[in-house]
Amino acid sequence: MATDFDAVIIGAGFGGMYMLHRLRGKGFSARVLEAGTGVGGTWYWNRYPGARCDVESVQYSYQFSKELEQDWEWSERYATQPEILRYANHVADRFDLRRDIRFETRVTKATFDETENLWRVEAGKGDVLTARFVITAMGCLSSPNTPRIEGLADFKGPIYHTGNWPHDGVDFTGKTVGVIGTGSSAIQSIPLIAAQAKHLTVFQRTANYTIPAHNGPLDADYVKAIKASYPEMRRRAKTKPAGIDFEIPTASAIETPEEERTRKFQERWDYGGLGFMASFNDLLLNDDSNKAAADFVKAKIREIVKDPVTAEVLTPRNIIGCKRLCVDSGYWATFNRPNVTLVDIRDEPIERITTAGVHAKGQDYIFDCLVLATGFDAMTGALLKVDLRGRGGVPLKDRWNEGPKTYLGLTVVGFPNLFMITGPGSPSVLTNMLPSIEQHVDFITECLDAMRAKGVNVIEPVEQAQEEWVSHVGSVADITLRSTCSSWYVGANIPGKPRVFMPYIGGLPAYIQRCEAVVAGDYVGFALSP
Ligand code: NAP
C-alpha cells in the first residue's frame, strides 16, 4: 500500500534535521514532525541563563558538509545556547529543511500495521500520517523531570524548568529565587541568576563535581588553523572513546608519584572542561585513582568557598565522574556572595512547596519564583511518552518494563522499520552527540538505501542479536565505576524507573566498528523480509 511518506522523523533537533537532509539526498520522501515552533531540539528548549555546550564548539558541530564547516564561525570556546540555536537555524535555512518540517506537531502515538507493513503516526489534532519507516530523533535529555513534591501546583509565583525555559527569558532583578537541583543545568545557571536576583536560595540534594570551563572568545588564528585541518581533527576524534579529539592518557593516576599526579590534575584544571577526567587512564576504573582526582577537586572547593561549612556541604561524597561531570563558570565562588544561601537537603527532602515558597528542614523559605533544575527522564523518557506500538499492538513500554532493550541502540525486536537516533544502548550521551548523531543517521540512510536496492521492505532485529547486544552493553558498563552511583545514566533520578545503565560505554570507535561489521555482514542480527 502506498504511504504518505517513506519516513516520518520525530524531532527537528540535530538528529532530525540531518536525517531529513540525508534521506532527501537519496530520493526518499520524509516529513519531520516537531513539537516546538522551531528547529534545534535541546537548544530550542533549554534557554536558561548560562546554557552552553560543554563540548568545545569546533567539535560540537556537523561535519557532513565541508562548506558549512568553513562558512560557520564559532565565536567562543564553548558556544552559548543562543549561538548553537542560530547554528541550527542556519543549517535549516542553508539546506532548505523547513519545507519538510511540520512544527507545533507533537506525535502522540505510532502503530505498526503488520498487514500493510506501514506505520500510522498520530500527531495531535487527529492527524494520521502513514510511512514505511519511523525514525525517532527526540534527543536523550528532552523529557523534563518535574519532581513529585507535594504542593508544587499551589505555588503562587512562576515556576521555571531549565529544560523548558520561556523564550523571552526571565528577568530575576529584585526577585527572591529558589533553585532546586545542582546538576549541570543548575551549575550553569546559578552564577547568572545570583548575579541578577535579590536573593537566591539553592536546594542541594547531591553535591556535584564541576570543573571550570575557562571559556573565552576564540582566537582568529586558532579558528583558521582548525578550519585548515577539520578533516584530520574529525578523523582523530573518531578514534577516541568520546568522539572528541583530545589526548588520551596512558598513565595510571595511582601509579604516578603524588607530586607529578597533582601537577597533571592542575594542568587539566587550568585547561578546563571535561578533559579533567582524561588526566589519567584509570579515573573511572580504579577506586584509588578516582579518589585522588576527587580529592584534588575537593581541595579546590575548600580553597574557593570562604565559609568552611558551606564548602563542606558543597563537597561531593560520591566518586568523581560517576554522575556526569559538570563544567562551570564561577559556580563555587557564587556561594561567597552575600545574596546566596545553600540549603542541604541530602538527608531531609523538601517537605512541600507552599503558596509562598518551599518548606524544608522545618523552615519556610519565601520566594517570588522557583527554578526547577531537576533534569530529565533521560534516554527513554521521550520515547516512552509517544505510545509506540509494534507487532501485535504491543506497546514499547511493555517491552521495556525491565529497562530498555535494543539492538545497537538503533532498533527494537517487535518494532519493524523503527529506528532510534542515539537510542539507549548506543554511545550517545557518553560521547560528543554530533558525531554520534551523524554516525546513526548515516547508518540508517545506508540501510534504507540497501533495502531499496535488495527489494526488502521490512527490517527488524532478531531476538538473539538484541539479547547479545543488551548483555554486551551491560557487561562493559560493569567494568567502569560509572555504573555504580545513582545517576540518570541508570534511571535513578526517576522514581520507579528500572535501574539499568542505559548508554553504551564501550566507546565510539568500538561501536562504529561493530556497526560496520553488521553492514559488511549484510545486516547481521536483522531479519530482512520482502
Ligand atoms: P541532572 O544532572 O539530573 O540534575 C538534576 C538535579 O536536580 C540534581 O541535583 C538532582 O539531585 C536534583 N533533583 C531532582 N529531583 C529532586 C528533588 N525531588 N528534590 C531535590 N533535588 C532534586 O539534570 P541537569 O542538570 O538538567 O543535567 C542533565 C544532563 O543534561 C547533564 O548531565 C548533561 O548530560 C546534560 N546537560 C549538559 C549541559 C552542557 O552541555 N553543559 C548543560 C546542562 C545539561 P540528585 O542528584 O540527588 O538526583
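**Exercise 1. The ligand shell and the domains**

Task: Determine which domains supply at least three residues each to the shell around the ligand.

Solution. Work on the predicted model.
- Step 1. Take the domain assignment: domain 1 covers 5-143 + 377-529, and domain 2 covers 152-372.
- Step 2. Assign the shell residues to these domains. Domain 1 and domain 2 each give at least three residues to the shell around the ligand.
- Step 3. Look at the secondary structure. Helix α5, residues 184-196, supplies the largest share of the shell, with three residues.
- Step 4. Sort the shell by residue class. Nine residues are nonpolar, nine are polar and five are charged.

**Exercise 2. Ligand contacts**

Task: Find which of the 23 residues around the ligand come nearest, and list polar partners of its oxygen atoms.

Solution.
- Step 1. Rank the 23 residues around the ligand. Thr182, Ser185, Gln188, Thr206 and Lys323 come nearest.
- Step 2. Check side chains. Arg205 places a polar side-chain atom 2.9 Å from an oxygen atom of the ligand.
- Step 3. Check the backbone. A polar backbone atom of Ala373 is 3.2 Å from a ligand oxygen atom. For Gly183, a backbone N or O atom lies 3.4 Å from an oxygen atom of the ligand.
- Step 4. Compute the cover. The ligand taken alone exposes 910 Å², and the protein buries 88% of that.

**Exercise 3. Two domains and their contact**

Task: State how far apart the C-alpha centres of domain 1 and domain 2 lie, and how many residues of each domain are in contact with the other.

Solution.
- Step 1. Take the C-alpha centre of each domain. The two centres lie 27 Å apart.
- Step 2. Count the contacting residues. Domain 1 contributes 48 residues, in contact with 51 residues of domain 2.

**Exercise 4. Ser143**

Task: Place Ser143 in the fold, decide whether Ser143 is buried or exposed, and list its contacts beyond four places in sequence.

Solution.
- Step 1. Locate the residue. Ser143 sits in the loop between β6 (127-136) and β7 (159-161).
- Step 2. Apply the cut-off. Ser143 is buried because its relative accessibility is 4%, and buried means under 20%.
- Step 3. List the contacts. Beyond four places in sequence, Ser143 touches Phe376, Asp377, Gly381, Ala382 and Lys385.
- Step 4. Compare sequence and space. Ser143 and Leu383 are 240 residues apart along the chain, with 9.0 Å between their C-alpha atoms.

**Exercise 5. Arg22 and Thr334**

Task: For two helix residues, Arg22 and Thr334, decide whether each is buried or exposed and find the contacts.

Solution.
- Step 1. Arg22 belongs to helix α1, residues 14-25. Its relative accessibility is 18%, so Arg22 counts as buried.
- Step 2. Look for a polar partner of Arg22. The side chains of Arg22 and Asp442 form a polar contact of 2.8 Å.
- Step 3. Widen the search, leaving aside neighbours within four places in sequence. Arg22 then contacts Val441, Asp442, Thr445 and Glu446.
- Step 4. Turn to Thr334, in helix α11, residues 331-334. Thr334 is buried because its relative accessibility is 5%.
- Step 5. Apply the same search. Leaving aside neighbours within four places in sequence, Thr334 contacts Ile190, Pro191, Ala194 and Val340.

**Exercise 6. Phe526 and Leu408**

Task: Find the surroundings of Phe526, then examine Leu408, one of its contacts.

Solution.
- Step 1. Phe526 lies in strand β20, residues 526-529. Phe526 is buried because its relative accessible area is 10%.
- Step 2. List contacts beyond four places in sequence. Phe526 touches Tyr407, Leu408, Thr411, Phe443, Ile459, Glu460, Pro461, Val462 and Val518.
- Step 3. Check a C-alpha pair. Phe526 and Glu463 are 9.1 Å apart in space and 63 residues apart in sequence.
- Step 4. Move to Leu408, in the loop between α13 (396-399) and β18 (418-420). Leu408 has a relative accessible area of 0%, so Leu408 is buried.
- Step 5. Read the backbone. Phi of Leu408 is near 65 degrees, a positive value in a residue other than glycine.

**Exercise 7. Ser428**

Task: Give the phi angle of Ser428 and decide whether Ser428 is buried or exposed.

Solution.
- Step 1. Ser428 is in the loop between β18 and α14 (433-454).
- Step 2. Phi of Ser428 is near 25 degrees, which is positive in a residue other than glycine.
- Step 3. The relative accessibility is 0%, so Ser428 counts as buried.

Key. Residues are numbered from 1 along each chain as its sequence is written. This is a predicted model: local features need pLDDT of at least 70, side-chain atom pairs count only at pLDDT 80 or more; totals for chains, interfaces and linings use all residues. Side-chain values use heavy atoms; hydrogens and water are left out. A residue is near a molecule or strand if one of its heavy atoms lies within 4 Å of it. A polar contact is a pair of N or O atoms within 3.5 Å; within protein, one must be able to donate a hydrogen and the other to accept it, and residues adjacent in sequence count only if both atoms are side-chain atoms. Accessible areas come from the Shrake-Rupley method with a 1.4 Å probe; for residues, only the protein chains shown count as cover. Ala, Val, Leu, Ile, Met, Phe, Trp, Tyr, Cys and Pro count as nonpolar, Asp, Glu, Lys and Arg as charged, and the others, Gly among them, as polar. Domain bounds come from an automatic or database domain assignment. Buried means under 20% relative accessible area, exposed over 50%, partly exposed in between (1.4 Å probe, protein chains only). Contact means heavy atoms within 4.5 Å.
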